[in-house]
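Biologist: Could you take me through this model? I would like to start with how you describe angles, and then go wherever the questions lead.

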Amino acid sequence: MGEKILMKGNEAIGEAAISAGCRCFFGYPITPQSELPAFLAKKMPLVGGVFLQAESEIAAINMVYGAASAGVRVMTSSSSPGISLKQEGISYIAGAELPVLICNVQRAGPGLGTIQPSQSDYFQAVKGGGHGDYRLIVLSPSSVQEVIDLIRLGFDLADKYKTPAMFLAEGMLGQLMEPVDLGDYKPNIPDKPWALTGCKGREKNIVTSLWIDPEELERHNLELQKKYAKIKENEQRWEEFKFDDEAEYLIVAHGTMARIAKSAVIKAREEGIKTGLIRPISLWPYPEKAFANLKNIKKILVVEMSMGQMVEDVRLSVNGRVPVEFFGRAGGMFPTVNQILGKLREIK
Amino acid sequence: MHEEMMIAGFGGQGVLLIGQLIAQTALVEDKNVLWMPAYGPETRGGFANCTVMVSDSDIYSPVTSEPTSMIVMNLPSLNKFERSVKEGGFLFVNKSLVNRDVFRNDIDSICVPVTEIARDLGNVKAANMVALGGFIAKKPIVEFKTLIDCLPKVFKGTKEKLIPFNKEALLKGAEYVKGM
C-alpha cells in the first residue's frame, strides 16, 4: 500500500497508462477528456515515451495501429464523436489482432450532442461499432481508483488475447477527484514475437487485416471466434452490492450510474424495499454469470444514462426468468437517487 | 459523519480551489472524500461551483440534489441554489456581494462580508479563504489546524509564496465568525 493521493479521473487514466508501461499516445483533443492528453503531453516525454497530437482522430487511430504492430504498449483516447471517427481503424486493429487500449470518456449524443456525461455509446462499444465480426474487451470504471485498476487490466488483457480493449467511462468520472493508491505496481508485459521489429535473422512477420481468399478469411474469423469464446469464459467481471438472500429486487447499473444506484439501494432498504445491485465491470464479455441465481428476485430494474442499451444484455442474461424493467435518461441528464427510488416503488 | 457540501460563485472567486483544500484536508484526516466541479453548460454565464463530499463511510453517488451545507459567494448563486440546501442544513453567504437576506428559515445560515474583510487584509482575491475559515469555524467538517497544514497541497511551486497570506485570511474569517 502506498500513500493515497487525490486525483482527477482523466489524470488517473494517464498516470495508470504510464505505470502500465504505455509509451505511445496518439490522440486528438475533445471535451470532456482533454485533461488526459494534457497530462500525457507533459509526462510522456519524461519517461522516454511519445506523445503526439495527430491532425485528426482517423490519423491518431492509424498511428496506434502502427505502434501496436511494432510491439509497444499504445493508447488513444477521445470522447464519443471522436470514437465514431476511429471505428474504421478499430476494426482493422481487431482484424489484425493487435493489443491496444482505446479510452472513450463519453459525452451525450447522437451527433455532436453535448459534453455532459452519458452511457449512450454502449452499443457502439460492445456490439461492434466498426464493420466485421469482431469484439472489443470493454471495461467500465466506477471510481477513480478503479480507473487506475482497469487501465492496467485493459493493457494486460489486450496483450493476453492480442485484441483491442476499450476503457469506457462517463464524462463525470473524468472530472471528479478522489483518493487513489497507485501501489507498488510493475507491469508484466509479455514477449511479442509477432511484432514488426525488423526481420534480420528471422522469418518475416506479417500484420494485416486483408485476407483476399474467402476460405482463408473464414478460417481467420473462426480463429477470432475461438479467442472471443475464451475471453467470454474467463474474463467476466462484476461487483455485487447487497445482493444477498434477502434481496427481492435487483438494480443493474454500470459506471458512475451504479454509484448513484447504490445510494438508491441504501434508501430503498431503509424504507423496506429489499434491493440489491449488480454492477457489470466488463461490459464485453457481459457478466452473464452474475445472473445465475435469481431465485428470490421478483423484478430487475436496469438504470442507464441512455434510452436503454445495456438493458438488452440484461434481458439476454436473464432469459425471461424474471421481468426486467428499465429507467434511463438521455442527453447528459442522469437518473437521480430519488427518481430511481420512485421507479422502485412503482414496479414493486 | 457524511457531509455533502457545495461551494458556488463566479469563475475567478476561487470556489474550486477552496473545495480542493477541504478535500485534501479530509484525505489527510483519513476520511473518505470526493470533489466534483460543475462543468459544461452549468458554468455558462460565469458560474462556478463544486461539490465536496466528506464521510466516515463509503461515498456512492457523486452528485447530490440536497447539499447538507453550502458556501455562496455571490447573489446569482444564492438565487440559484438556496432552495436546494437540505432542511436543517447550513448556508454561508458572502454578504459583500449579496444584497438580500436568506429566505429559508428551516436551515441555519450566516452572512459574512468576506470580500470586504479580504480587501481590508490587502487582497480581495482571498475572499474565498476568509469564507472557508468562517465556514469551518461554524461547521468543522475538517479540523481547522489540518486545513492550515494542507495549504501547501494547493499552493505549489511558484504559488508557495501565497501561503502565509492565505493562512491569515483563513484565520481572519474564523475569528470574524467566532465574534458574531
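Modeller: Axes here are lines fitted to C-alpha atoms, for helices over the stretch in contact, and angles run from 0 to 180 degrees between N-to-C directions. Please keep in mind that this is a predicted model.

Biologist: Fine, so which strands does helix α12 of chain A lie across, and at what angle to β14(A) does it run?

Modeller: Helix α12 (residues 337-347) of chain A lies across β11, β12, β14 and β15 of chain A, and its direction is at about 155° to β14(A). Helix α11 (residues 310-318) of chain A, which lies across β11, β14 and β15 of chain A, also runs at about 155° to β14(A).

Biologist: In what order do the strands of that sheet come?

Modeller: It is an open sheet of five strands in chain A, ordered β10-β12-β11-β14-β15, with mixed pairing. Its edge strands are β10 and β15 of chain A, each of which pairs on one side only.

Biologist: And in what sense do β14(A) and β15(A) pair?

Modeller: They pair in the parallel sense over five bridges, and A:I300 stands opposite A:V324 in β15(A).

Biologist: Switching to α2 of chain A, which residues are buried there?

Modeller: In α2 (residues 35-43) of chain A, the buried ones are A:L36, A:P37, A:F39 and A:L40. Viewed down the axis of α2(A), they fall within an arc of 160°, so they line one face of the helix. These buried residues pack against α1, β2, β3 and β4 of chain A.

Biologist: Last one: how many helices and strands does chain B have?

Modeller: Chain B has seven helices and six strands, and 47% of its 180 residues count as buried.

Note on methods
Residues numbered from 1 in each chain as written. Chains lettered and ligands numbered in written order. Predicted model: local features only at pLDDT ≥ 70, side-chain atom pairs only at ≥ 80, totals over all residues. Buried ≥ 20, exposed ≤ 12 C-beta atoms within 10 Å, placed from the backbone. Helix = DSSP H or I, 4+ residues; strand = E, 2+ residues; numbered from the N terminus. Arc of directions from axis to C-beta. Contact = placed C-beta atoms within 7 Å. Pairing = 2+ DSSP bridges.
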